[in-house]
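Visitor: I'm new to this one, so please pick a single strand and take me through it slowly. I'd like to know what its charged residues are up to and what lies around them.

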Amino acid sequence: MHERVDIVEVSARDGLQSDPTILSTASKVELITRAARAGLRRIEAVSFVNPKRVPQMADAVEVMEALLADDATRSLGPSYIGLVLNQRGLDRAITASVDEINAVAMATDSFARSNQGMGAAQLLDEVAEIVAGARTAGIPVSVTVSAAFGCPFEGEVPVDRVAEVVARLAETGPDEIALADSIGAAVPKDVVERVGAARDVLDGADIRLRCHFHNTRNTGLANAIAAVEAGVGVLDASLGGIGGCPFAPNATGNIPTEDLLYLLARSGIDTGVDLAAACDVARWLELELGHPVPGYLSKAGVFPA
Ligand code: ZN
């Protein structure tokens, strides 16, 4: 088990992408800047996807320009991550000077076809090219395995299937592989099984393992702590717990960063993030979005005060 866990802050991308409120470019930049100042060092800032499909992310280039022009925040050393789904997205991300690339693979054919219009195996070939392209450009690259704990179309996803995908991805040589519970179906037992299977596959490889949980069924934080206990050193989370699940329209979003920070801090696990500052950002975000956010800590306050 790691004594230190790194957080990848995903509110500006995964969170906002599913939020009913569309923030201005300036507000997105402020969210990311506030997150960086609170001590969050890896921030999924933008995605380079088709703006017709995802209008919330249409200003990715402008967001990156503003972030890179802010020398004071830049000097804190945040790493701004750009999500890409194909070669064209990779080219745009490189041009926009992101610090890291995150590509996306899918554990099932149905999910891959629905999201990317191709089967899971073909998508893995495409991801291999993205990883190679990022490497050539000298940019760290991670790959998220979506639907690794359940599929909105196929239901249960066998552990062996996830292990196969991780094995195939490991051959392509990313810096990190993330197992994502895209629909918030997992419970800790699933996490222990799947993280264990992935770790067995990655044994000896220089590839970090990360987990991405949604709190769709209120199991997100339990899954997060199970992942840490199973040896995962990097977790995705979203300030305020914003986000959603496209397959469950009324569902809550990613696990709340500030709630996760509290859980980890009280468990003696260091994250390097200022808990009170993260709560302040969650409260600011709630006002900015104009609706309540799901996270608890920004309402209850930190204990002890
Ligand atoms: Zn997600």
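Guide: One cut-off first: a residue is called buried when its relative accessible area is under 20%, exposed when that area is over 50%, and partly exposed in between. Keep in mind, too, that this is a predicted model.

Let's look at strand S6, which covers residues 176-181. Start with Glu176. Its relative accessibility is 0%, so Glu176 counts as buried. What does a charged residue do in there? Side chains of opposite charge can pair when their charged atoms come close. Glu176 has such a partner: it makes a salt bridge with Arg42, with the closest N and O atoms 2.9 Å apart. Arg42 belongs to strand S2 (residues 42-48) and Glu176 to S6, so this pair ties together parts that lie 134 residues apart in sequence. Arg42 comes in at 12% relative accessibility, so Arg42 counts as buried as well.

The pair isn't on its own, either. Arg42 and Glu176 are part of a network of salt bridges that also takes in Glu100, Arg208, Arg210 and Asp236.

Now go to Asp181, also in S6. Asp181 is buried, yet it has no salt bridge. The nearest side chain of opposite charge belongs to Arg217, and that is 6.6 Å away. A salt bridge here requires a side-chain nitrogen of Lys or Arg within 4 Å of a carboxyl oxygen, so Arg217 doesn't qualify. What Asp181 does have is a backbone neighbour: a polar atom of its side chain sits 2.8 Å from the backbone nitrogen of Ala186. Leaving aside residues up to four places away in sequence, Asp181 touches Phe149, Ala186, His212, Phe213, His214 and Asn223.

Follow that last contact, Asn223, into helix H10 (residues 220-229), where Asn223 is buried along with Gly220, Ala224, Ala226, Ala227 and Val228. S6 is among the elements that cover the buried residues of H10, and so are helix H9 (188-202), strand S7 (208-213), strand S8 (234-237) and helix H11 (257-266). Just past the end of H10, Gly231 takes a positive phi of about 105°.

Back to S2, the strand that holds Arg42. S2 and S7 are among the elements that each supply at least two residues to the lining of the largest pocket. That pocket holds about 1,000 Å³ of space. Its lining is made up of 43 residues, and Arg13, Gln17, Leu83, Leu85 and Asn115 lie nearest its centre. Helix H6 (109-116) gives the largest share of the lining, four residues.

For contrast, here are two salt bridges elsewhere in the chain. Arg168 pairs with Asp125, again with 2.9 Å between the closest N and O atoms. That one links helix H8 (residues 159-172), which holds Arg168, to helix H7 (residues 120-136), which holds Asp125, 43 residues apart. Arg168 is partly exposed at 26%, and Asp125 is partly exposed at 41%. The other is more local: Arg283 and Asp280 meet at 2.9 Å, N to O, and they are three residues apart in helix H12 (residues 275-289), so about one helical turn separates them. Both are partly exposed, Arg283 with 34% and Asp280 with 45%. The full count comes to 19 salt bridges.

Conventions
Residues are numbered from 1 along each chain as its sequence is written. This is a predicted model: local features need pLDDT of at least 70, side-chain atom pairs count only at pLDDT 80 or more; totals for chains, interfaces and linings use all residues. Side-chain values use heavy atoms; hydrogens and water are left out. Buried means under 20% relative accessible area, exposed over 50%, partly exposed in between (1.4 Å probe, protein chains only). Lys and Arg count as positive and Asp and Glu as negative; His and the chain ends are not counted. A polar contact is a pair of N or O atoms within 3.5 Å; within protein, one must be able to donate a hydrogen and the other to accept it, and residues adjacent in sequence count only if both atoms are side-chain atoms. Contact means heavy atoms within 4.5 Å. On a 1 Å grid over the protein atoms alone, a cavity is a set of points where a 1.4 Å probe fits but cannot get out, and a pocket is an open set with protein on both sides within 12 Å along at least five of seven lines; lining residues have an atom within 4 Å of a point. Grid points are joined across faces, edges and corners, and a volume is the space filled by probe spheres set on the points.
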